[in-house]
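Please examine the structure shown below, beginning with the site occupied by the ligand and moving on to the packing of the helices.

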Amino acid sequence: MYLKSIELTGFKSFAKKSELLFTSNVTAVVGPNGSGKSNVAEAFSFVLGEQSIKSLRGKKGEDLIFNGAGDLPRANRASVKIIFDNKSKFLPVDFEEVIIERVVHRDGVNEYSINGSQVCLRDVLELLHSAHIGSSGHHIISQGEADRILNASIKERKAMIEDALGLKLYQYKKQESEKKLLKTRENIAQVESLRREILPHIKFLKKQVEKVEKTLEMKKDLQDKALEYCKREDEYIKRIEKNISGKKHPLEKQEKKLQEELSEAKKILEGAQHRDVMSDELISLERELHETRKKKDELLRQSGELDGEITSLARMIKKQEELANSYLHKTVTLVSVEVVQKEIEQIISDSKKLVPGDTWDQEKVDILIRKIDEIGKLLSDFIESNKDKVDTSLLVEAQKDLADLRRKKEIAASEAGDVIANEAKLSREYSALQEKINTEKDTNRDAEKAVFRIMAEEQEVRSQIHSLQSEEETLRIVKEDFNRELTELGMMLGTAVLQFESLVFDFDEPRANQEERRRTIEKIKIRLEDAGGIGGADVMKEYTDASERDEFLAKELTDLSGSADSLTDLIKDLDERLSNEFKTGVEKINQQFKEYFALMFGGGEASLSVISAPKRKKKEIDDLFENEDGDEMARAALAIEETGAESEDGIDIDVVLPKKKVKGLMMLSGGERALTSIALLFAISQVNPPPFIILDETDAALDEANSKKYGDMVENLSKRSQLIVITHNRETMSRAGILYGVTMGLGGGSKLLSVAFDQAVAVAK
Ligand code: ATP
């Protein structure tokens, strides 16, 4: 026994908490009309997840909540709790007891819980399906719906049987898979449309990217060529610069030297202009020398003359001396005599003063004598002195003259000596000057020659320097061009272009090659500029993003197609399984159906057959019901089938009553319909017994004899499923182990009580 109890609180007419314990295989719920018995059956549907409020006889969720009756106020929520014994683990959860509860609030919000944990409806449904329990259908036969299976369309029947066979889970999975497949297909369509949308943009971007790539290629090409060009140009400039400065330096040095030489030579030539001065000097020297020589000659002549005079005078003096030394011709000069006379007179005068008249004394005499002696002496001295004395007066004169002459001669000789010395000096000076002039004459000639030579050389050097300067100028222009090119290339290629330094090439090539390179570079630059610059990082990024997105979408598409395929496979699989299990299920049901049918009718034939019928269009249905009398329900059932597909599988029921030539369901009486229906329901339940079956007044239409047969079947059925029978039927009640009586209390609301069989019979009335 799986079903332990059900508890209703605020559900429909059950205002207060009411619990039914199912300790017996068959539980009967009895009570007067309107007491709330069907509400119990509906409580099962409710807690098992029924979503159709209509099938619970309500319009909205709120209708399921006790709405107040008599003294009892209305409830805010309706709750039904069902408890299963799960020791056998017939429910695939690891609990020995499973409590499922559903609550509905007045705002229509539903809550589900399994063993107190809030879950969603799906969890409940999945759990129950796996144990072959459903919210509606085969195991809860509502009041008046006993023959529903007979009234249903072939498709509905099929669904009911599938449900009963426990194929709902597969159905459910199939539906889920179909929903998923639909969603997946929608997604595929969306992704495809997205891809279609972005495709032109990607194509456009691709073209752009190709352009950018081409540009990048050109840029790379430009870079390679530019690097080589720059390196070569740089090298060329350096080489030429070095070459020029190598040549220019010695030339400049030479020029400087030549200038120095020139100025030296010029200086010399300037000196030549002083030559006249020197000539004048020479002339004056010449004149002076001439004068000096004249003077020298004069002096020599004078000296000669003086020599002559001196010789003759000396000769004459010699003669005179010879004369003077002869005694006879001695002469004294009157003057010398007068001198002696004067001296004598003086003595006499002095002597006279000694004899002033009166007396002579000896002394006076002595003095006088001495005076006389003096005179005598004087005279004797005079004679003596003149005895050897030569009259040299003339001689002296001559000697004096001679001396004069000699002095003159000396002077003249000395003068001549000076003049001669001067002459020698002047002569030397003259010679020197002459020599100088001559030398200068030579030097000037050399200098003149040098000037010509220097000027020629200088001209040569200058012209070489000039040509080097023009080379420099050309190089300067080359450098300027190169710098400009570098700037331009730098702007186009970035600093990478400046990394040419480290490159190595064979530089030995004609200059024209560089020109060729420059032209090529210029062409690439123009092409690059035409291509719209070197940007494009944005385009590349956008293209990468777009392609990545497209790739992502493509992958998504593959994934989606993959999951669509696997879903299709799964659906196919489920279909096959459904179809197989359905077929075998139907066969098994048929066996049971036959037996139950024979049992109920005491013979006859009954079978289910799987048929494929064309779908009927609405118009056909309408036509059908215009011609044939049919009830609204059948019409509605047919109307459900009006959808597109050409044909569909369904279940047809064939019955042949015993001893009657009646065939087909249409011909059955109400009771016969109920019996057939019960037979089929029981057959279904027998094939795949659900844990419990609820039969709400399924036996209402049975007569006593059939009630008994019904009772037997109930008993038979209860061996494999717990049965809860809502009934007014005494026979049915008699088969129940437990009886619950439902009454409408005085204060309002259904009341539940366990009753004995007799009480139950009483209560049921
Ligand atoms: P019968 O034997 O005639 O089939 P029953 O015992 O099956 O009757 P139910 O149909 O189960 O009776 O009960 C119907 C009763 O429940 C009605 O009296 C109805 O007023 C009451 N009822 C239904 N919904 C509510 C509700 N939300 N609040 C209060 N009472 C309700």
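The shell around the ligand is made up of four nonpolar, ten polar and five charged residues. This is a predicted model, and the description that follows should be read accordingly. There are 19 residues around the ligand, and those that come nearest are Asn 33, Gly 34, Lys 37, Ser 38 and Arg 57. Helix H1, which spans residues 37–47, supplies three residues to this shell, the largest share.

Polar backbone atoms also take part in the surroundings of the ligand. A polar backbone atom of Gly 36 lies 3.0 Å from an oxygen atom of the ligand, and a polar backbone atom of Ser 38 lies 2.9 Å from an oxygen atom of the ligand. In the case of Ile 65, a polar backbone atom is 3.0 Å from a nitrogen atom of the ligand. The ligand taken alone exposes 650 Å², of which the protein buries 73%.

Attention may now turn to the helix pairs. Helix H7 (residues 334–354) packs with helix H8 (residues 362–387) at an angle of about 175°, and their axes are 10 Å apart. Because angles over 145 degrees count as roughly antiparallel, H7 and H8 are placed in that class. On the H7 side, the residues that meet H8 include Val 337, Val 340, Ile 344, Ile 347 and Leu 354. Among their counterparts in H8 are Ile 367, Leu 368, Ile 375, Leu 378 and Phe 382. Charged residues are also found here, including Glu 343 and Asp 350 in H7 and Lys 364, Lys 371 and Glu 374 in H8. By class, this contact of H7 with H8 comprises twelve nonpolar, two polar and five charged residues.

Helix H11 (residues 537–601) takes part in two of the packings described here, with H4 and with H15. Helix H4 (residues 154–164) packs with H11 at an angle of about 90°, the axes being 10 Å apart. H4 and H11 are therefore roughly perpendicular to each other. Lys 158, Ile 161 and Glu 162 in H4 meet Phe 582, Val 586 and Ile 589 in H11. The contact of H4 with H11 has four nonpolar and two charged residues, and no polar ones.

With helix H15 (residues 704–717), the arrangement of H11 is as follows: the two axes come within 9 Å and cross at roughly 150°. H11 and H15 are therefore roughly antiparallel to each other. Here Tyr 596, Leu 599 and Met 600 in H11 meet Asn 706, Lys 709, Met 713, Asn 716 and Leu 717 in H15. Five nonpolar residues, two polar residues and one charged residue make up the contact of H11 with H15.

Methods: Residues are numbered from 1 along each chain as its sequence is written. This is a predicted model: local features need pLDDT of at least 70, side-chain atom pairs count only at pLDDT 80 or more; totals for chains, interfaces and linings use all residues. Side-chain values use heavy atoms; hydrogens and water are left out. A residue is near a molecule or strand if one of its heavy atoms lies within 4 Å of it. A polar contact is a pair of N or O atoms within 3.5 Å; within protein, one must be able to donate a hydrogen and the other to accept it, and residues adjacent in sequence count only if both atoms are side-chain atoms. Accessible areas come from the Shrake-Rupley method with a 1.4 Å probe; for residues, only the protein chains shown count as cover. Helices (H or I, at least four residues) and strands (E, at least two) are DSSP runs, numbered from the N terminus. Axes are lines fitted to C-alpha atoms, for helices over the stretch in contact, and angles run from 0 to 180 degrees between N-to-C directions. Angles under 35 degrees count as roughly parallel, over 145 as roughly antiparallel, 65 to 115 as roughly perpendicular and the rest as oblique. Contact means heavy atoms within 4.5 Å.
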